[in-house]
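Hi,

Here is the structure I said I would send over. Have a look at it first, and then read my notes below.

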Amino acid sequence: MSITKEKKLEVIQGFQRAGEDTGSPEVQIAVLTTRINNLTEHMRTHKHDYSTRRGLLMMVSRRRRLLDYVKRHDPEKYLELLAQLNIRK
């Protein structure tokens, strides 16, 4: 269910601002989106996995808070992130 180290590095490199950036909101949102997509697929086949559902909802909430932060500080970057990650809004 979790993402592999290689996939995570690939996502980080696609969204980082500078060479060693792993904590910027854009990177965090991208990694969370990848994990959310994986868990969503898991939930389609395991409908009664309630502990995974709780974790998924917590990740979605965390991503929403990070997106709100980016929207407040850089609205253009917010729209760009939504387009790159195919997040509905």
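**How the helices pack**

α2 and α4 run roughly parallel to each other, since their angle falls under 35 degrees. Keep in mind that this is a predicted model. The angle between helix α2 (residues 25-45) and helix α4 (residues 75-85) is about 25°, and their axes lie 11 Å apart. As for handedness, α2 passes α4 in a right-handed crossing. On the α2 side the contact is made by Glu-26, Ile-29, Ala-30 and Thr-33, and on the α4 side by Lys-77, Leu-81 and Leu-85. Sorted by class, the residues of this α2 and α4 contact are four nonpolar, one polar and two charged.

Next, α4 and its other partner, α3. Helix α3 (residues 50-73) packs with α4 at an angle of about 140°, and here the axes are 5 Å apart. That makes α3 and α4 oblique to each other, because 140° is neither over 145 nor within 65 to 115. From α3, the residues that meet α4 are Arg-64, Leu-67, Val-70, Lys-71 and His-73. Facing them in α4 are Pro-75, Lys-77, Tyr-78, Leu-81 and Leu-82. This contact of α3 with α4 has six nonpolar residues, one polar and three charged.

Then there is α1 against α2. These two helices also pack at about 140°, with 9 Å between their axes, and the crossing of α1 and α2 is right-handed. Lys-7, Lys-8, Val-11, Ile-12 and Phe-15 of α1 meet Glu-26, Val-27, Ala-30, Val-31 and Thr-34 of α2. By class, the α1 and α2 contact comes to six nonpolar, one polar and three charged residues.

Glu-26 and Ala-30 are worth finding on your screen: in α2 they take part in the contact with α4, and they also meet α1. In α4, Lys-77 and Leu-81 touch α2 and are among the residues that meet α3.

**The largest pocket**

So where is the largest pocket lined, and by which elements? Two or more lining residues come from each of α1 (5-15), α2 and α4, and α2 gives the largest share, with five residues. The pocket holds about 190 Å³ of space. Its lining has 14 residues, and those nearest the centre are Thr-33, Thr-34, Asn-37, Leu-85 and Ile-87. Some of these names came up above: Thr-33 and Leu-85 belong to the contact of α2 with α4, while Thr-34 is one of the α2 residues that meet α1. By class, the pocket lining is six nonpolar, six polar and two charged residues.

Best wishes

How values were computed: Residues numbered from 1 in each chain as written. Predicted model: local features only at pLDDT ≥ 70, side-chain atom pairs only at ≥ 80, totals over all residues. Heavy atoms only, no water. Axes fitted to C-alpha atoms, helices over the stretch in contact; angles between N-to-C directions. Helix = DSSP H or I, 4+ residues; strand = E, 2+ residues; numbered from the N terminus. Left-handed = near helix turned anticlockwise from the far one by under 90°. Contact = heavy atoms within 4.5 Å. Nonpolar A, V, L, I, M, F, W, Y, C, P; charged D, E, K, R; others polar. 1 Å grid on protein atoms, 1.4 Å probe; cavity = no way out; pocket = protein on both sides within 12 Å on 5 of 7 lines; lining within 4 Å. Points joined across faces, edges and corners; volume = space filled by probe spheres on them.
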